[in-house]
Amino acid sequence: MSETLLEAHGLTVRYPEGEVALKDVTFSVETPSFMAIIGPNGSGKSTLLKTALGLLRPISGSIRLLGHDSTRESAAIRRLVRYVPQRDRIELTVPIKVKDIVLMGRLLKKRPPRIASRTDKRIAHEALQRVNMDEFWDHPFNELSGGQRQRVLVARALAAEGPVLMLDEPLAGTDAESQRLIVQVLGEYHTENDVNIIMVTHDLNPIHSYVDNVLLLRRTVIGLGKPCDVMDPALLTQVYGHSARVVEYAGHRYCVTRDTGVDRHHD
Ligand SMILES: Nc1ncnc2c1ncn2[C@@H]1O[C@H](COP(=O)(O)OP(=O)(O)O)[C@@H](O)[C@H]1O
Ligand SMILES: [Mg+2]
């Protein structure tokens, strides 16, 4: 019997001073999965991840990750998940080195004193090699380009442990080469290690050949299925308006929207 990766029932979330960000969201996705969450700006993608992590409390309904209730068992959930937030809160004025960022992925879940062992360092090196950034081991993080930083943050998640990788817009603000690398590394990592991936993305096109399930959101669930099923003109028009087009090329469906790929977000 397969286990449920993420499931929500009648989930409604409202920010204290704001509007309803998610309304009556119900869906279920089984493990193992590389799952994409897509939808335009403000459709509740980041809110869904934060609620799944237990960082936000729903006003009604429920959400569970690998069987754990996000509201009541958030400590257990944080042990299972390696989370890459939408814009990392690493203070860029502090001259922290790449190695310290990646080692943080190993050390954060340990008890103090948090000292990196030889194994921690080996795993951190391997993670950086995967994203082609190992030569930057001693380099200050704040001197890297946007794409290089994002690759280091993905390496931090790879170096950490836990059966779920959760990434919020890891491709935003990155160059084409970094995008290609990040997508390929995540796809391979998912199949090699049986790790679940939940990835919020603006653009399904770079990842659709790796993804098992796509959740299309606009404050509520508009569609859930395999990439080709969700790449449906009628569904996409509901979400992105009449400018949305689906193009078929070499046996794949690609989606063209007027979405800028630049997401608004809040701290
Ligand atoms: N901290 C916040 N306070 C108030 N409203 C917020 C906050 N964060 C997000 N929102 C609102 O909730 C809705 C969903 O936001 P978000 O989950 O960030 O969407 P997405 O990640 O899909 O762009 C938007 O209308 C946004 O303005
Ligand atoms: Mg977001």
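This passage describes the fold, the ligand and magnesium sites, strand S6 and the salt bridges of a predicted model.

The protein contains eight helices and twelve strands. Of its 267 residues, 48% count as buried. Long-range contacts are frequent in the count: among contacts between residues at least 6 apart in sequence, 65% join residues at least 24 apart.

Ligand 1 is surrounded by 13 residues. Those that come nearest are Gly42, Gly44, Lys45, Ser46 and Thr47. Two of these five residues approach oxygen atoms of the ligand through polar atoms. For Gly42, a backbone N or O atom lies 2.8 Å from a ligand oxygen. For Lys45, an N or O atom of the side chain is 2.8 Å from an oxygen of ligand 1. Tyr15 faces a nitrogen atom of ligand 1 instead, with a polar side-chain atom 3.5 Å away.

Ser46 also takes part in the metal site. The magnesium ion (ligand 2) is coordinated by OG of Ser46 and OE1 of Gln86, at 2.1 to 2.4 Å. Ser46 belongs to helix H1 (residues 45-52) and Gln86 to the loop between S6 and H3, so the pair ties together parts that are 40 residues apart in sequence. The side chains of Ser46 and Gln86 also meet directly, in a polar contact of 2.7 Å. Ser46 is buried, with a relative accessible area of 15%. Gln86 is likewise buried, at 15%.

Strand S6 spans residues 81-84 and includes Arg82. Arg82 is buried yet has no salt bridge. The nearest side chain of opposite charge is that of Glu161, 7.7 Å away. A salt bridge requires a separation within 4 Å. Arg82 has polar partners nonetheless. Its side chain makes a polar contact of 3.1 Å with the side chain of Tyr189. A polar atom of the Arg82 side chain also lies 3.0 Å from the backbone oxygen of Gly162. Beyond its neighbours within four places in sequence, Arg82 is in contact with residues including Lys109, Ala157, Leu165, Met166 and Val195.

Val84 also lies in strand S6. Val84 counts as buried because its relative accessibility is 1%. With sequence neighbours within four places left aside, the contacts of Val84 are Gln150, Leu153, Ala157, Met166, Leu167 and Asp168. The C-alpha atom of Val84 is separated by 8.7 Å from that of Glu169, a residue 85 places away along the chain.

The structure holds ten salt bridges. One joins the side chains of Lys97 and Asp138, at 4.0 Å from N to O. Lys97 sits in the loop between S6 and H3, and Asp138 in the loop between helices H4 (118-130) and H5 (146-159), so this pair ties together parts 41 residues apart in sequence. Lys97 is partly exposed, at 32% relative accessible area. Asp138 is partly exposed as well, at 44%.

Helix H4 contributes to further salt bridges. Arg122 and Glu126 pair at 3.1 Å, N to O. Both lie in H4, four residues apart, about one turn of the helix. Arg130 pairs with Glu192, the closest N and O atoms being 2.7 Å apart. This pair links distant parts of the chain, with Arg130 in H4 and Glu192 in helix H6 (residues 176-193), 62 residues apart. Arg130 counts as partly exposed at 29% relative accessibility, whereas Glu192 counts as exposed at 51%. Elsewhere, Arg64, Asp69 and Arg72 are linked in a network of salt bridges.

Key. Residues are numbered from 1 along each chain as its sequence is written. Chains are lettered from A and ligands numbered from 1 in the order in which they are written. This is a predicted model: local features need pLDDT of at least 70, side-chain atom pairs count only at pLDDT 80 or more; totals for chains, interfaces and linings use all residues. Side-chain values use heavy atoms; hydrogens and water are left out. Helices (H or I, at least four residues) and strands (E, at least two) are DSSP runs, numbered from the N terminus. Buried means under 20% relative accessible area, exposed over 50%, partly exposed in between (1.4 Å probe, protein chains only). Lys and Arg count as positive and Asp and Glu as negative; His and the chain ends are not counted. A polar contact is a pair of N or O atoms within 3.5 Å; within protein, one must be able to donate a hydrogen and the other to accept it, and residues adjacent in sequence count only if both atoms are side-chain atoms. Contact means heavy atoms within 4.5 Å. Donors are N, O and S atoms within 2.8 Å of the metal (3.2 Å for Na, K and Ca); water is not among the atoms, so sites may look incomplete. A residue is near a molecule or strand if one of its heavy atoms lies within 4 Å of it.
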